[in-house]
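Subject: Handover of a model with two ligands

Dear colleague,

Please find below the structure that I am handing over to you. My notes on the ligand sites follow it.

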Amino acid sequence: MEIGVRTAPEKPVDTAPRKLPALLGFGKYFADKMFRMRWTEELGWHEAEIVPYGPLQLDPAAKVLHYGQEIFEGHKAYRWADGRIALFRPDQNAVRLNRSATRMCMPEIPSDVQLDAVLALVRQCADWVPEDPSTLYIRPTLIGIEPTLGVRAANEYLYYVILSPVGPYFPNGFSPIRVWVEGKYVRAADGGTGAAKTGGNYAGSLFAQSIAKEKGYEQVLWLDAHEHRYVEEIGAMNIAFVIEGKIVTSPLLGSILPGITRDAVLTLARERGDGGLEQRLAIDELIDGIRTGRVTEAFGIGTAAVITPVGALHWEGAEYSIQGGQVGPVAKEYYKTLTDIQFGRQVDRWGWMRHI
Ligand code: PLP
Ligand code: COI
């Protein structure tokens with residue numbers, strides 16, 4: 001499909017980073033350009049353009065503002081030591097956006113169109129890609145904008161991509177977080193929208209997240225909606241445990257987000273003989289495993305979180321320390337491997353990195 005945005009040529013750019021605040025935090029600053037494109041039933045995807053970053057003009061009746069017809073993606077661009085800039089598995093984000101689109105009754109965007117849009121934008125904003133260890137977070141977003149109040153799918157959509165130079169997602173960087181295992185509230189149920197990257201999943205998680213925060217925990221670990229027993233994922237990342245030396249994570253049964261970083265970690269773990277198993281994990285058995293030493297580590301996995309060690313789990317009134325609250329060797333090793341691949345310090349044998 002011709003969308004009118006020049007496809008990024010396959011040659012390295014050599015654009016020095018602009019001066020950015022020393023403490024970037026996460027998602028506080030934005031590049032000065034954005035990509036946008038509209039969809040209507042008559043024209044399909046059209047009006048693709050890169051424009052100055054700025055507020056959107058939306059009708060107050062736009063469907064997204066009332067019924068939450070919204071999906072998004074999250075991935076990153078990395079500045080390599082040689083000045084080149086590369087994205088981690090952007091093709092997979094395009095595929096996942098389309099899966100979310102189908103679930104939320106929104107029009108798909110051909111993957112090559114998404115990829116061209118993102119590459120063209122990052123190329124134009126190359127000076128916004130900060131130096132290692134910071135990164136440029138890419139946030140493609142799709143919203144239903146038809147201005148009518150009937151509860152049905154919109155017949156007009158806006159896709160846009162914004163960019164944010166970011167530091168670590170958690171203020172303390174690569175250090176263990178404390179996690180509240182949620183026994184009452186749930187994030188997603190069988191047949192729900194948990195596997196789609198849609199804003200409502202996050203809005204629905206805020207209440208439990210605020211309770212956890214009050215109790216001194218940074219994140220919530222969600223359990224399945226049926227039995228409140230099986231581990232699903234952490235607020236903004238997947239979770240894995242090291243059980244008798246093997247990396248084990250929850251299977252993709254429809255209620256958790258199929259993380260692209262999760263998939264990379266499973267691939268690496270299987271290659272290295274470190275497990276990479278997908279198994280339902282009951283919280284009572286995990287707690288028992290922590291007590292008896294069978295479970296030695298837990299860590300979150302995601303784009304924003306990279307690998308985030310879990311130092312303590314709170315469950316049913318008690319706190320269980322993992323690795324004495326320190327970073328474990330497996331989390332450390334996988335954090336290093338992933339970031340080495342992402343920043344071009346290790347050969348990318350998997351074809352995961354895509355240069356702009
Ligand atoms: N689970 C949730 C709920 C997330 O928001 C994310 C982040 O995108 C992930 C898992 C990890 O997915 P990915 O590795 O694709 O970033
Ligand atoms: C990501 O890691 O890309 C995420 O989407 C997490 C985000 C919700 C902050």
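**Ligand 2**

A backbone N or O atom of A304 lies 2.8 Å from an oxygen atom of ligand 2. Please bear in mind that this is a predicted model. On its own, ligand 2 exposes 280 Å², and 90% of that is buried by the protein.

Side chains also make polar contacts with this ligand. In the side chain of K197, an N or O atom is 2.6 Å from an oxygen atom of ligand 2. For the side chain of Y137, the corresponding distance from an N or O atom to an oxygen atom of ligand 2 is 2.7 Å.

The surroundings of ligand 2 consist of F26, F72, G74, Y137, R139, Y169, K197, Y202, A236, T303 and A304. By class, this shell comprises 7 nonpolar, 2 polar and 2 charged residues.

Where does ligand 2 lie with respect to domain 1 and domain 2? Domain 1 (4-167) and domain 2 (177-342) both contribute residues to its shell, so ligand 2 lies between them. Ligand 2 also sits in the largest pocket.

**Ligand 1**

The largest pocket holds ligand 1 as well. Two elements, α6 (260-272) and β14 (295-302), are those that give two or more residues to the shell around ligand 1.

Ligand 1 is surrounded by 16 residues, of which R96, Y202, E233, T261 and T303 are the closest. In terms of class, the shell around ligand 1 is made up of 6 nonpolar, 6 polar and 4 charged residues.

Which atoms of ligand 1 are paired with the side chains of Y202, E233 and T261? With Y202, an oxygen atom of ligand 1 is 2.5 Å from an N or O atom of the side chain. With E233, a nitrogen atom of ligand 1 is 2.5 Å from a side-chain N or O atom. With T261, an oxygen atom of the ligand is again involved, 2.5 Å from an N or O atom in the side chain. Of the 380 Å² of accessible area that ligand 1 has on its own, the protein covers 97%.

**Residues common to both sites**

Y202 and T303 belong to the surroundings of ligand 2, and both are also listed among the closest residues to ligand 1. For Y202, the side chain has the 2.5 Å pair with an oxygen atom of ligand 1 already described.

Yours faithfully

Key: Residues numbered from 1 in each chain as written. Chains lettered and ligands numbered in written order. Predicted model: local features only at pLDDT ≥ 70, side-chain atom pairs only at ≥ 80, totals over all residues. Heavy atoms only, no water. Near = heavy atom within 4 Å. Polar contact = N/O pair within 3.5 Å; in protein donor to acceptor, adjacent residues only side chain to side chain. Areas by Shrake-Rupley, 256 points an atom, 1.4 Å probe, with all protein chains shown as cover. 1 Å grid on protein atoms, 1.4 Å probe; cavity = no way out; pocket = protein on both sides within 12 Å on 5 of 7 lines; lining within 4 Å. Sits in = over half its atoms within 2 Å of the grid points. Nonpolar A, V, L, I, M, F, W, Y, C, P; charged D, E, K, R; others polar. Domains from an automatic or database assignment. Helix = DSSP H or I, 4+ residues; strand = E, 2+ residues; numbered from the N terminus.
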